[in-house]
Amino acid sequence: MQSFVIKPSIHFGDNALSRLAEIEYKKVFIIADPFTVSSGLIKSATKYLDAADISYTVYSDVVPDPSIEKVVEGVTALLKEKSPCIIAIGGGSAIDLSKCVRQFANKIDTDYYPHFIAIPTTSGTGSEVTSFSVITDREKNIKHAIVDNSLLPEEAILDVEMVKSVPASITADTGMDVMTHAIEAYVSTNANSISDMYAERATQLCKNYLVRSFKYSDTHDIESREKMHLASNLAGIAFNSASLGINHGMAHQLGAQFHIPHGRANAILLPVIIAYNCGIDKYTNNISNPSYCVKKYADMARVIGIGNFNDVSSVKALIDYIKHMQLEMNIPTHISAAVPKLKKDEYFSKIETMTDAALKDRCTPTNPRTPKPEEISELFAKLW
């Protein structure tokens, strides 16, 4: 038997933020990243709280790749206020931090479990609809993927107003995170017919709107931003059901060790991982008995309109299209270009540590090809 459960409630479309004026709580604890506060973007949300005479406290000590220490600080601040509702406003870091802050506050005070609303300000992580949270152990330079249904918010609000000002480089990175979520969920060993539907639609939206969204600052193409915000959400629903694979398992380590933005790390890995999972290289023209995942990747290529005359050529077309998107959005294709000051010897000295951590990552077990330690190390080496 398979099951598919959707949570949270999702509010989207024109004036989706107006939902905040309708909430039943009169006191709110807001966790927002510093840019959301300093730029004034937070006012797009708080104006509705003001109009409804809802009081709020803003906690903005949020950093990229939130650490265990930041979770502890956030729990302390939340328990001091004991607000009946938490609102997370920001990118994946703010939402991931909020998830853990609520969960651990509840472990300290089991009678306290505030209502949780997530409002993403980037179109990438899909964290507003997932039971995943990624927290960094700064002492060991390891990212821990925490998976627990209790992490899910009760509500998510998708409003294009919150993503209009995202810079092009971040749009590119987060957009490739969306595409990686969708494609990894599609070939996951836990994929199912319903998660496939969400993954297919998310990938279609990425193909049609990601590069357009990247060029938004020149074109003011609001539609592309709105569609990518939806794509992020749909991909989140897909991978929350199906999980991910070694693309994310390895990307987490690149971020922890070298502070490469998560979406950029995923983008660098994605063409390499697809080829690895399928067991193909540039000389492979056909496979007499293609694996299930070869067929799935080929199906995805056909779904988004780039399929070719056989499964292998369709997979290659998918890989080439991803590389084309990277080129269009100035995303580096190798670690040496992504971190220009990093020395080759330093990078290679970390491969064994990253390999061990990637194999233990919560995303790795559902990869369609079971990786050996030496294969993960070879893949890290190939990225340089």
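The lining of the second largest pocket in this predicted model splits by class into nine nonpolar, nine charged and three polar residues. The pocket itself has a volume of about 630 Å³. Of the 21 residues along its walls, Pro271, Val272, Ala275, Lys323 and Lys382 sit closest to the centre. Three helices each put at least two residues into that lining: H10, H12 (311-328) and H16 (373-383).

H16 is worth following a bit further, since it also packs against another helix. The axes of H9 and H16 come within 12 Å and cross at roughly 60°. Angles of 65 to 115 degrees count as roughly perpendicular and those under 35 as roughly parallel, so H9 is oblique to H16. As for handedness, the crossing of H9 and H16 is right-handed. On the H9 side, the contact uses Ile246, Met250, Gln253 and Leu254, and on the H16 side Ile376, Leu379, Phe380 and Leu383. Sorted by class, the residues of this H9–H16 contact are seven nonpolar and one polar, with no charged ones.

H9 and H10 also show up at the largest pocket. That pocket holds about 1,100 Å³ of space, and of its 48 lining residues, Gly91, Gly92, Ser93, Thr125 and Thr174 are the closest to the centre. Quite a list of elements gives at least two residues each to this lining: helices H1 (34-38), H4 (92-108), H5 (168-187), H9 (246-258) and H10 (262-278), plus strands E6 (132-137) and E7 (142-147). H5 makes the largest contribution, with six residues. By class, the lining of the largest pocket comes out at 20 nonpolar, 20 polar and eight charged residues.

Now for the enclosed spaces. How many cavities of 30 Å³ or more are there? The count comes to two. Here they are next to the pockets:

| Space | Volume | Lining by class |
|---|---|---|
| Largest pocket | about 1,100 Å³ | 20 nonpolar, 20 polar, eight charged |
| Second largest pocket | about 630 Å³ | nine nonpolar, three polar, nine charged |
| Largest cavity | about 80 Å³ | four nonpolar, six polar, one charged |
| Second largest cavity | about 50 Å³ | six nonpolar, four polar, one charged |

The largest cavity, with about 80 Å³ of space, is lined by Thr122, Ser123, Val163, Val166, Thr171, Thr174, Gly175, Leu210, Ser213, Arg225 and Met228. Helices H5, H6 (193-214) and H8 (222-242) are the elements that give two or more residues to this lining, and H5 has the largest share, three residues. Thr174 turns up twice in this tour: it is one of the lining residues of the largest cavity and is among the residues closest to the centre of the largest pocket.

The second largest cavity, at about 50 Å³, has Ile183, Glu184, Val187, Gly245, Asn247, Leu270, Ile273, Asn277, Tyr297, Asn367 and Pro368 around it. Here the elements that give two or more residues are H5 and H10.

A couple of helices keep coming back. H5 gives two or more residues to the lining of the largest cavity and of the second largest cavity, and supplies the largest share of the largest pocket's lining. H10, for its part, gives at least two residues to the lining of the largest pocket, to that of the second largest pocket and to that of the second largest cavity.

Definitions and conventions. Residues are numbered from 1 along each chain as its sequence is written. This is a predicted model: local features need pLDDT of at least 70, side-chain atom pairs count only at pLDDT 80 or more; totals for chains, interfaces and linings use all residues. Side-chain values use heavy atoms; hydrogens and water are left out. On a 1 Å grid over the protein atoms alone, a cavity is a set of points where a 1.4 Å probe fits but cannot get out, and a pocket is an open set with protein on both sides within 12 Å along at least five of seven lines; lining residues have an atom within 4 Å of a point. Grid points are joined across faces, edges and corners, and a volume is the space filled by probe spheres set on the points. Helices (H or I, at least four residues) and strands (E, at least two) are DSSP runs, numbered from the N terminus. Ala, Val, Leu, Ile, Met, Phe, Trp, Tyr, Cys and Pro count as nonpolar, Asp, Glu, Lys and Arg as charged, and the others, Gly among them, as polar. Axes are lines fitted to C-alpha atoms, for helices over the stretch in contact, and angles run from 0 to 180 degrees between N-to-C directions. Angles under 35 degrees count as roughly parallel, over 145 as roughly antiparallel, 65 to 115 as roughly perpendicular and the rest as oblique. A crossing is left-handed if the near helix is turned anticlockwise from the far one by less than a right angle, and right-handed if clockwise. Contact means heavy atoms within 4.5 Å.
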